[in-house]
Amino acid sequence: MRSQPLAAVDVWRPVMEVAGYRCQCTGQCGNPHVKTEGRCPHEHDHYTSKHGRHVRLMAAPPDPLARDVAAAGLPASELRAWCPDCHGAAARLARKTAPADNAPALFDL
């Protein structure tokens with residue numbers, strides 16, 4: 001039996017079943033995942049080979065910068081399985097490559 005989150009299992013489980021309990025990152029994190037045919041090798045409840053810790057996949061929107069409130073309202077069909085490493089790296093990369101916000105800063109006069 002694979003572990004499951006304490007909340008939102010009715011959304012999380014269908015996402016994981018479609019993903020085969022494997023991270024669905026295909027390079028959005030900046031890593032082309034060359035050794036695993038372009039897809040992240042992390043599987044839910046398996047150990048990482050590098051650090052020896054358990055991988056706990058999460059169901060999140062394809063856009064790693066999506067706001068939590070917007071993501072919470074999405075159905076399972078619009079979510080994908082992410083490992084924490086890929087999701088964090090994809091969010092950092094998306095922030096770095098996003099267009100600059102032209103809104104005035106607090107101390108701009």
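Biologist: Where is the place of His 33?

Modeller: His 33 is in the loop between helix 1 and strand 1. Keep in mind that we are looking at a predicted model.

Biologist: Why is His 33 called buried?

Modeller: Buried means under 20% relative accessible area. His 33 has a relative accessible area of 6%, so it is buried.

Biologist: Which residues does His 33 touch, not counting residues up to four places away in sequence?

Modeller: Among them are Cys 25, Thr 26, Arg 39, Cys 40 and Cys 86. The list also includes Gly 27, Gly 38 and Pro 41.

Biologist: Cys 86 is a cysteine, and so is Cys 83. What makes the pair fail as a disulfide?

Modeller: Let's start with the idea itself. A disulfide is a covalent bond between the sulfur atoms of two cysteines. To be counted here, the two sulfur atoms must be within 2.5 Å. The sulfur of Cys 83 is 3.5 Å from the closest cysteine sulfur, in Cys 86, and therefore too far for a bond. Taken from the other end, the closest cysteine sulfur to that of Cys 86 is the one in Cys 83. By this rule the structure has zero disulfides.

Biologist: Are these two cysteines buried or exposed?

Modeller: Cys 83 has 1% relative accessibility, so it counts as buried. Cys 86 has a relative accessible area of 4%, so it is buried as well.

Biologist: Let's turn to helix 1. Which residues of helix 1 are buried?

Modeller: They are Trp 12, Val 15, Met 16 and Ala 19.

Biologist: How do you know that these buried residues are on the same side of helix 1?

Modeller: They cover an arc of only 95° around the axis, and that puts them on the same side of helix 1. A general rule helps to picture this: an α-helix has 3.6 residues a turn, so residues three or four places apart point the same way. On the other side of helix 1, Asp 10 and Val 18 are exposed.

Biologist: What covers the buried residues of helix 1?

Modeller: The cover includes strand 1 and strand 2. Strand 1 spans 58-60, and strand 2 spans 80-82.

Biologist: How many aromatic pairs does the structure hold?

Modeller: It holds one aromatic pair. The partners are Trp 12 and Tyr 21, with ring centres 6.1 Å apart and planes at 70°.

Biologist: Why is this pair called edge-to-face?

Modeller: Rings pair if their centres lie within 6.5 Å, and planes over 60 degrees apart count as edge-to-face. With centres 6.1 Å apart and planes at 70°, Trp 12 and Tyr 21 therefore form an edge-to-face pair. Trp 12 is at 5% relative accessibility, so it counts as buried. Tyr 21 is buried too, with a relative accessible area of 15%.

Biologist: What makes the phi of Tyr 21 worth a remark?

Modeller: Most residues other than glycine have a negative phi. Tyr 21 has a positive phi of about 55° although it is not a glycine. You will find Tyr 21 in the loop between helix 1 and strand 1. Gly 20, just after helix 1, has a positive phi of about 70°.

Biologist: And what is the phi of Glu 37 near?

Modeller: Phi of Glu 37 is near 60°, a positive value in a residue other than glycine. Glu 37 also lies in the loop between helix 1 and strand 1.

Biologist: Why is Glu 37 called exposed?

Modeller: Exposed means over 50% relative accessible area. Glu 37 has a relative accessible area of 78%, so it is exposed.

Biologist: How do you know that the charged end of Arg 80 sits over the ring of Trp 82?

Modeller: One requirement is that CZ of Arg is within 6 Å of the ring centre. The charged end of Arg 80 is 4.9 Å from the centre of the Trp 82 ring, and it does sit over that ring.

How values were computed:
Residues numbered from 1 in each chain as written. Predicted model: local features only at pLDDT ≥ 70, side-chain atom pairs only at ≥ 80, totals over all residues. Heavy atoms only, no water. Helix = DSSP H or I, 4+ residues; strand = E, 2+ residues; numbered from the N terminus. Buried < 20%, exposed > 50% of the residue type's maximum accessible area, 1.4 Å probe, protein only. Phe/Tyr/Trp six-rings, centres within 6.5 Å; stacked < 30°, edge-to-face > 60°. Lys NZ or Arg CZ within 6 Å of the ring centre and 35° of its normal. Arc of directions from axis to C-beta. Contact = heavy atoms within 4.5 Å.
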